[in-house]
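Visitor: I would like to learn how to read a structure such as this one, feature by feature. Could we begin with the ligand and work outwards from there?

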Amino acid sequence: MWRIILLLVCVWMSGSQSEFTNSVIDISHYQTNVDFSKVKSDGIVAVIHKATQGTRYVDPVYSQRRTLAQNYGLLWGAYHFASAGNPIAQADHFLKTVGNIDGVLLVVDLEDNGGNNMTPDEAEQFVKRIREKTGRYPVVYGSPNYLKTFNKENLNKCSLWIAMYSSSPQPILPQFRKSWVLWQYTDGAEGGNPRSVAGIGTCDRDRYNGSVDQLENRWPNL
Ligand SMILES: *[C@@H]1O[C@H](CO)[C@@H](O)[C@H](O)[C@H]1NC(C)=O
């Protein structure tokens, strides 16, 4: 009998103790001094960088930083900052800029862009286009409040990267979402700790829902 109780307790503990790994950062050209060797030594496993915005803009340091980061053995991700209009052209611009997508996490960043915002219907077309061209859905990034209206069939097939600057143990999710893979818990100014990383200073930092091994094994299909 006690063996069964012990077994049940173990099963319960393994189910309830979620492991969140604090080993992901996201940056853009806005961070000017970046030393990936120090970033790596500080325990960071993965870097997600801005690649594009709209149908034309390319982050000027995206491509050089990909090479540098990958030379230090860091996992690499690319995000597209969404704008209003032309979702297919935006998706194509993003993929063209990323180039070889092997090992690259793909993300669409949905947030207020001074009112020049990608609508939920456009976001749906964007992720469908990425899926058609690459065989995978991108990860959807956004805050619980902003994503409230982004309840769409294909968007909901994309894994969620939730943005909520807080030191609470769990983020809040939009009500139609049940789980998250990444949680941006600080922008470097607000939210949980730590808010900085060696080799950069303060920046966006992210938790992963899983262990470092899982992060490395699953990437770029979180
Ligand atoms: C974490 O990921 C697991 C699957 O790996 C999932 O079952 C669980 O719901 C996720 N937890 C959260 C808080 O999203």
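Guide: A polar contact is a pair of N or O atoms within 3.5 Å, and this is the cut-off to keep in mind as we look at the ligand. Please also bear in mind that the model is predicted.

Visitor: With that cut-off in hand, how far is an oxygen atom of the ligand from an N or O atom in the side chain of Asn-209?

Guide: The distance between the ligand oxygen and the side-chain N or O atom of Asn-209 is 2.3 Å. A second pair involves the backbone instead, since an N or O atom of the Trp-180 main chain lies 2.9 Å from an oxygen atom of the ligand.

Visitor: Which residues surround the ligand, and how do the residues of that shell divide by class?

Guide: Gln-170, Ser-179, Trp-180, Asn-209 and Arg-218 surround the ligand, and by class this shell holds one nonpolar, three polar and one charged residue. As for cover, the ligand taken alone exposes 360 Å², and the protein buries 50% of that.

Visitor: How should I tell a pocket from a cavity?

Guide: A cavity is a set of points where a 1.4 Å probe fits but cannot get out, whereas a pocket is an open set. In this model the largest pocket has a volume of about 340 Å³, while the search of the whole structure finds one cavity of 30 Å³ or more, with about 30 Å³ of space in the largest cavity.

Visitor: Which residues lie nearest the centre of the largest pocket, and which strands each supply at least two residues of its lining?

Guide: Of the 19 lining residues, Asp-26, Ile-27, Ser-28, Tyr-79 and Asp-204 lie nearest the centre of the largest pocket. Strand E1 (20-27) and strand E4 (75-81) each supply at least two residues of this lining, which by class comprises eight nonpolar, five polar and six charged residues.

Visitor: And what lines the largest cavity?

Guide: Its lining consists of Val-140, Leu-147, Phe-150, Asn-156, Pro-174, Phe-176 and Arg-177, a set with five nonpolar residues, one polar and one charged.

Visitor: What should I look for in the backbone itself?

Guide: Two things are worth checking, namely the omega angle of peptide bonds and the sign of phi. A cis peptide bond joins Asn-193 and Pro-194, with omega about -5 degrees, and Pro-194 sits in the loop between strand E8 (182-186) and strand E9 (196-197). The bond from Trp-219 to Pro-220 is also cis, omega being near 5 degrees, and Pro-220 is found in the segment after helix H6 (212-218). As for phi, Asn-86 is a residue other than glycine with a positive value, near 50 degrees, and its place is in the loop between E4 and helix H4 (87-98).

Visitor: Finally, how many helices and strands does the protein chain have?

Guide: The chain has six helices and eleven strands. Its radius of gyration is 18 Å, close to the 17 Å that the globule rule gives for 222 residues, so the chain is as compact as a globular protein of that length. Along its principal axes, the C-alpha trace spans about 65 × 40 × 35 Å.

Technical notes: Residues are numbered from 1 along each chain as its sequence is written. This is a predicted model: local features need pLDDT of at least 70, side-chain atom pairs count only at pLDDT 80 or more; totals for chains, interfaces and linings use all residues. Side-chain values use heavy atoms; hydrogens and water are left out. On a 1 Å grid over the protein atoms alone, a cavity is a set of points where a 1.4 Å probe fits but cannot get out, and a pocket is an open set with protein on both sides within 12 Å along at least five of seven lines; lining residues have an atom within 4 Å of a point. Grid points are joined across faces, edges and corners, and a volume is the space filled by probe spheres set on the points. Helices (H or I, at least four residues) and strands (E, at least two) are DSSP runs, numbered from the N terminus. Ala, Val, Leu, Ile, Met, Phe, Trp, Tyr, Cys and Pro count as nonpolar, Asp, Glu, Lys and Arg as charged, and the others, Gly among them, as polar. A residue is near a molecule or strand if one of its heavy atoms lies within 4 Å of it. A polar contact is a pair of N or O atoms within 3.5 Å; within protein, one must be able to donate a hydrogen and the other to accept it, and residues adjacent in sequence count only if both atoms are side-chain atoms. Accessible areas come from the Shrake-Rupley method with a 1.4 Å probe; for residues, only the protein chains shown count as cover. The radius of gyration is taken over C-alpha atoms; the globule rule is 2.2 Å times the number of residues to the power 0.38.
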